[in-house]
Amino acid sequence: MPTQVRIFTSPRSLGETLAAPTESPSTPRSIPEYPLIPKPTISPTLKARQYVMSTYEDRPKGGVTFAHQDKLPKLPIPDLERSCGRYLAALKPLQSNREHADTKRAVEEFLRGEGPELNEKLKKYAEGRTSYIEQFWYDSYLNFDNPVVLNLNPFFLLEDDPTPARNNQVTRAASLIVSALEFVRAVRKEELPPDTVKGVPLDMYQYSRLFGTARVPTDAGCQIEQDPDSRHIIVMCHGQFYWFDVLDDNNDVIMTEKDIAVNLQTVIDDATQTPIQEAAKGALGVLSTENRKVWSGLRDVLMRERGSNNADCLNIVDTALFVVCLDYTEPANAAALCQNMLCGTSEIEKGVQIGTCTNRWYDKLQIIVCKNGSAGINFEHTGVDGHTVLRFASDVYTDTILRFARTINGGAPTLWKSTSPDPSKRDPESFGDVNTTPYKLEWDMIPELSIAVRFAETRLADLIEQNEFQCLDFSAYGKNFITSMGFSPDAFVQMAFQAAYYGLYGRVECTYEPAMTKMYLHGRTEAIRTVSDESVNFVQAFWADYPADQKVEALRKACQRHTQNTRDCAKAQGCDRHLYALFCLWQRMLDDESLSSGMSTNGYSSPVDASSDRGSPIGSPGKDYPFVDGEVRSSRERGESTASRGSRDNNHPLPLIFADPGWDKLNTTILSTSNCGNPSLRQFGFGPVSGDGFGIGYIIKDEGISICVSSKHRQTKRFVDTLESYLLEIRRVLRITAGRTGGVTTKQSRAREIENRPKVANRMKLRGRLITGSELIKSQRSVLGSVSPTEESMTMSEDDELGGYGFFDAGMLLQALKARGAGLDNGETKASERAAVQARRRDVGKKLRLIEY
């Protein structure tokens, strides 16, 4: 029986969904062609939840945020032969000689056969579209059926507020909300300055999809829905839902920080009146962690009951700007904080789940604040990448500081071109029809929903227990030291991951890192393939008893190759997105022919096994689903490979390049990595993308490196410990070579550069003996004479030594392999309609009585 494949109608722009579309000969350059998924039939009583995507053309002209959109180049389609060459180069160090020979033959056959024809069809397909990959990209995300928690949604952990007195839950949350609302205002008024890289403007489309957006499951896959006029937020506490308006019709903030703090304290006081064990039984947020098809059915239950207000409650949640989660816990360490931000905690008391995992809604952007004021962000990843949410997080964090500074000095700067008028000085009538007092959403917990909540929670608890997290706040050195030694910081850290993994397991594995391509219209990411011949040579040299100079030279070559690969990928010249688009196009052609021949499909691109392993940076045939920053995860039935799917249609066999085991090899990511952050973040991370892999989020700071590692209990702490030991050891090795060459190799601070100028004789400042960093090493050499790198390690301080296995055993392993000859296997509604919705919405939920504050 051939694999059933999901079918889409011809893609169109979102502008066509407007009530009165304007005809244009060209495709709007700022609107992606979202997959057209059949919507379930909705009764007239539920029309309130229907909303339309906004479009770039709807916005007032003259703003700065989207000023460069029409000037951005389209994402280029790379040369086919070059893409195939890069594909082979990425696979070579991961395969044996025989495996690589087979892959090479498959690629050569593809280039001689269907490859060029498919590539020409892809070029024709891309004409008039914003991007050749965008439709396929959204298809892969929205077809993903497994839970989004731990699989798709990443997290950011913010640094604490620099003012200790403000690090309590209510104050911190209120501050973050006000800053977030100013960011929303700046985006909607197009006053947010565009992102740039070295003066080159980047695509800003994703910011228009960040707020008022929800991932909504249907029986035929998920869809992205947005209320472009959203004015309210959702606050969750102990799994209970509350809402209140925060913006007026002009997108100005209508509440002061103190007003919001009063609302938040009111919510907390009300939520705690319900025993947490009792509240957990009605914590509908856990339903958003279910399998997407199951969640789709449960949403139908929520909306179909006559006389139930569940549909209106669900509409309030879906259309909110964002969700604020107030947790009662105070995680004790960084790893616990990271887990809380990614998936919440699982804590069972008297057989009832009371952990924070029930206090989430994973289909929307969430701001999470713990009892001690620690805060983070968890975001739905379909329409936005980490870079976009990082800008949001950074600006929000910065604004909280600047706003506090303005209470001290009214002349302190602001991030925004304009700010909302002071709500405390406005005429209340100017706010319009708003509800500033919090309302509690009271769901009708019919037996079917109660059972669903129970089982969704137990499955979520299983999922949480299957994963573990470890953090490394490495403070010995960071970007400044790495660049002073002449290395790219990102390449340097990537090689650290390679060396640590090789030091533990004696082999290299498929590694993924995303490169941002937002310099192109609607650009997302391209996959950087970290493993190369040079990286393999380096890890072998590092773990062998080689001289320090040889190790550093191998590291330098590996970093140079990685840096070049990164530059190519940033220019959209990688192989992953191109080949994936070719596969999707082949699949679509096959689907079209299947429809014309009367064959039916079940609406899904692949069989789904919720327990199957995942792991693909670009997606293998029939098993496509994405991940953080563009890495595509995958799901397939156990024992099934792409080769076994090659005969899905005898008239149109799967191109050999996609049936070859090399395709699966490159699409099974063991080390999934992503560099995303700045000083506003303490940690960043995500779940592992395969059952036997690691998920590694890292932030390179001036004087440190923050790393969060996740896995399904695969010696995560030991991997982190090995990584830390490597970072200390490579510093020692670099200092040895730097000492031999007279100090650092390249960049110094400006203050030190002045010392190279000619000196004036007899200056008092020249009295005394100059101390250099190499004095200790030189004095040791004079005593010890010529020593090997292994012996040199004994002369350093204890914290510089490489823990666990040393050079000797890894070197012996390498020699044994060589002796055997084995080698290394290698979006607008009418005013009357809006008023009707507002009037109806006023009655949704129980109005709370404000506390004295």
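Let's begin at one small spot in this predicted model: Thr 511 has Leu 671 of β19 as its bridge partner. That pair belongs to a wider arrangement, in which β15 and strand β19 (residues 671-675) run in the parallel sense and are joined over two bridges.

**The six-stranded sheet**

Zooming out from this pair, β15 and β19 sit in an open sheet of six strands, whose order is β14-β22-β21-β19-β15-β16 and whose pairing is mixed. At its edges are β14 (468-474) and β16 (525-529), each of which pairs on one side only. On average, and ignoring direction, neighbouring strands of this sheet are turned by 20 degrees against each other. As a general reminder, strands of a sheet pair through backbone hydrogen bonds, in either a parallel or an antiparallel way.

Where does Glu 509 lie? Glu 509 is found in the loop between α14 (489-505) and β15 (511-516). The side chain of Glu 509 makes a polar contact of 2.6 Å with the side chain of Arg 507. Leaving aside residues up to four places away in sequence, Glu 509 touches Leu 94, Tyr 501, Val 531 and Ile 670.

**Three helix pairs**

The helix α14 that comes before this loop also packs against a helix, and two further pairs can be set beside that one. Here are the angles and axis distances:

| Helix pair | Angle | Axes |
|---|---|---|
| α14 and α15 (residues 533-542) | roughly 55 degrees | within 9 Å |
| α5 (residues 169-188) and α6 (residues 257-271) | about 130 degrees | 9 Å apart |
| α16 (residues 548-570) and α20 (residues 716-740) | about 110 degrees | 9 Å apart |

Take α14 and α15, whose axes cross at roughly 55 degrees. That angle makes α14 oblique to α15, and the crossing is right-handed. On the α14 side, the residues that meet α15 are Met 495, Gln 498, Ala 499 and Tyr 502, and their counterparts in α15 are Ser 535, Phe 538, Val 539 and Gln 540. By class, this contact has five nonpolar, three polar and no charged residues.

Next come α5 and α6, packed at an angle of about 130 degrees. These two helices are therefore oblique to each other, and the crossing of α5 and α6 is right-handed. From α5, the residues in the contact include Val 170, Ala 173, Ile 177 and Leu 181, while those from α6 include Glu 257, Ile 260, Leu 264 and Ile 268. The contact of α5 with α6 divides into 10 nonpolar, four polar and one charged.

What about α16 and α20, which pack at about 110 degrees? Their angle makes α16 roughly perpendicular to α20, and the crossing of α16 and α20 is left-handed. The α16 side of the contact is made by Ala 548, Asp 549, Lys 551, Val 552 and Leu 555, while the α20 side includes Tyr 726, Ile 730, Leu 734 and Arg 740. Sorted by class, the contact of α16 with α20 has eight nonpolar, one polar and three charged residues.

**The nine-stranded sheet**

Back to strands for the last part of the tour. Which strands make up the open sheet of nine? Their order is β20-β1-β12-β11-β8-β6-β7-β13-β23, and the pairing is mixed. The edges are held by β20 (681-685) and β23 (846-847); each has a single partner strand, so one side of each is left without a neighbour in the sheet.

Within this sheet, strand β11 (residues 366-369) and strand β12 (residues 375-378) run antiparallel and are joined by four bridges. One place to look for this pairing is Val 369, whose bridge partner in β12 is Ala 375.

Helices also pack here. Helix α10 (residues 334-342) touches β1 (155-158), β11, β12 and β20, and its direction makes about 130 degrees with that of β1. Helix α11 (residues 386-408) lies across β1, β11, β12 and β20 and runs at about 25 degrees to β1.

Notes:
Residues numbered from 1 in each chain as written. Predicted model: local features only at pLDDT ≥ 70, side-chain atom pairs only at ≥ 80, totals over all residues. Heavy atoms only, no water. Polar contact = N/O pair within 3.5 Å; in protein donor to acceptor, adjacent residues only side chain to side chain. Contact = heavy atoms within 4.5 Å. Axes fitted to C-alpha atoms, helices over the stretch in contact; angles between N-to-C directions. Parallel < 35°, antiparallel > 145°, perpendicular 65-115°, else oblique. Left-handed = near helix turned anticlockwise from the far one by under 90°. Nonpolar A, V, L, I, M, F, W, Y, C, P; charged D, E, K, R; others polar. Pairing = 2+ DSSP bridges.
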